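Work through these exercises with the sequence and the model open side by side. Try each task before reading its solution.

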Amino acid sequence: MTPELWKAKKIVDSTLHPDTGQPVFLPFRMSSFVISNLVVTAGMLTPGLQTTGTLLWQITNQSLNVAINSANANKSTFLSTSTLIQSYFLAVSASCSVALGLNSLVPRLKRLSPGTRTILTRLVPFAAVASAGALNVFLMRSEEIRKGIDVFPSLSEAQKHQMAKEGKDNESLGKSKKAATIAVAETALSRVLNATPIMVLPPLLLVRLQRTEWLRRRPRMVLPVNLGLILTTSIFALPLALAAFPTRQLIRAGSLEREIVEKVGEDGMVEFNRGI
């Protein structure tokens with residue numbers, strides 16, 4: 001593959017949805033995630049955030065999560081507007097409940113030192129984002145688990161090239177609930193893997209830096225330093241989280257439903273779009 005062709009492939013893969021072939025709205029593409037998520041993450045990790053601020057930033061974060069999950073989900077199963085709205089309110093309720101609950105709990109832990117309580121307070125957004133983020137994925141894509149997603153025969157590059165020349169598409173072997181469960185579970189886990197370094201490392205490093213003489217003398221630098229820490233962590237964390245599970249998942253047919261096995265055999269390989 002030539003460098004020009006490889007560059008074109010990367011642009012297509014990062015822009016078009018693999019199921020619909022339509023462009024994903026720019027702010028909701030995973031290639032735009034670092035920028036889209038930067039301000040929201042910085043807001044949630046702002047030191048000394050009060051109840052109103054906590055609620056507003058958690059609602060904003062879950063709104064962004066719903067938009068990203070909806071835009072990048074497997075599109076072979078229809079998602080109704082009512083399911084989308086229900087999932088949104090449940091995810092917002094979960095994240096706000098965890099954030100407010102832990103914010104009220106940490107100050108009551110009198111046996112812990114003030115420094116430890118400060119660190120735990122800074123980690124409250126991580127607990128809220130990780131739990132609600134995973135829940136958000138399961139709620140948003142629950143229809144996939146109930147109805148199944150399309151599974152396709154695994155083709156070699158030569159076979160794909162031949163089908164493209166003939167103008168043919170890789171036909172679905174049918175819908176699989178087991179494949180859908182794997183796809184949704186891996187996507188939910190990737191959300192936690194992505195949130196862990198982004199929501200843990202910057203606040204811990206900021207606590208450390210706020211004790212230095214340099215930052216004590218320059219309190220106005222707390223925000224730009226916080227943004228810099230989040231941006232740097234996001235740039236490295238997101239590719240690792242996305243690479244943990246392939247977007248186009250390859251799996252042995254024997255681990256799926258009998259209807260799929262009958263079409264390709266017990267040891268036949270099939271694939272499906274995991275979604276991101």
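**Exercise 1. How many bridges join β3 to β4, and in which sense do the two strands run?**

Solution. The model is a predicted one.
- Step 1. Locate strand β3 at residues 248-252 and strand β4 at residues 269-273.
- Step 2. Count the bridges: five join β3 to β4. The two strands run antiparallel.
- Step 3. Check the register. Leucine 250 of β3 stands opposite glutamate 271 in β4. Arginine 252 has methionine 269 as its bridge partner in β4.

**Exercise 2. Which residues of β3 form the covered face, and which the uncovered one?**

Solution.
- Step 1. Recall the general pattern: side chains in a regular strand alternate between the two faces of the sheet.
- Step 2. Apply it to β3. Gln249 and Ile251 make up the covered face. Arg248, Leu250 and Arg252 make up the uncovered face.

**Exercise 3. Which strands pair with β1, and over how many bridges?**

Solution.
- Step 1. Start with strand β2, residues 174-176. It pairs with β1 in the antiparallel sense over three bridges. Within this pair, aspartate 150 has lysine 175 as its bridge partner.
- Step 2. Turn to β4. It pairs with β1 over two bridges, again in the antiparallel sense. Here phenylalanine 152 stands opposite glutamate 271.
- Step 3. Look at the cover on β1, residues 149-153. Five of its five residues are buried, so the strand is largely enclosed by the rest of the structure.

**Exercise 4. What is the order of the strands in the open sheet, and which are the edge strands?**

Solution.
- Step 1. Chain the pairs together. The open sheet has four strands in the order β2-β1-β4-β3, with antiparallel pairing.
- Step 2. Find the edges. These are β2 and β3, each of which pairs on one side only.
- Step 3. Add the twist. From one strand to the next, it averages 45°.
- Step 4. Place the helix. Helix α8, residues 177-209, lies across β1, β2, β3 and β4. It runs at about 55° to β2.

**Exercise 5. Is asparagine 194 buried or exposed, and what is it in contact with?**

Solution.
- Step 1. Find asparagine 194 in helix α8.
- Step 2. Compare its accessibility with the cut-off. Buried means under 20% relative accessible area. Asparagine 194 has 7%, so it is buried.
- Step 3. List the contacts, leaving aside neighbours within four places in sequence. They are Phe33, Ala237, Leu238 and Ala241.

**Exercise 6. Methionine 140 and leucine 120 are both given a burial class: which class does each fall in?**

Solution.
- Step 1. Locate both residues. Methionine 140 is found in helix α5, and leucine 120 has its place in helix α5, residues 114-140.
- Step 2. Take methionine 140. Its relative accessible area is 3%, so it is buried. It touches Val66, Asn69, Ser70, Leu79, Leu84 and Ser87, not counting residues up to four places away in sequence.
- Step 3. Take leucine 120. Its relative accessibility is 31%, so it counts as partly exposed.
- Step 4. Set leucine 120 in its surroundings. Together with Leu105, Leu109 and Leu112, it forms a nonpolar patch on the surface. The four residues share about 270 Å² of accessible area.

Terms used
Residues numbered from 1 in each chain as written. Predicted model: local features only at pLDDT ≥ 70, side-chain atom pairs only at ≥ 80, totals over all residues. Heavy atoms only, no water. Buried < 20%, exposed > 50% of the residue type's maximum accessible area, 1.4 Å probe, protein only. Pairing = 2+ DSSP bridges. Axes fitted to C-alpha atoms, helices over the stretch in contact; angles between N-to-C directions. Contact = heavy atoms within 4.5 Å. Patch = residues over 30% accessible without salt bridge, like charges linked within 9 Å, V, L, I, M, F, W, Y side chains within 5 Å. Areas by Shrake-Rupley, 256 points an atom, 1.4 Å probe, with all protein chains shown as cover. Salt bridge = Lys/Arg side-chain N within 4 Å of Asp/Glu carboxyl O.
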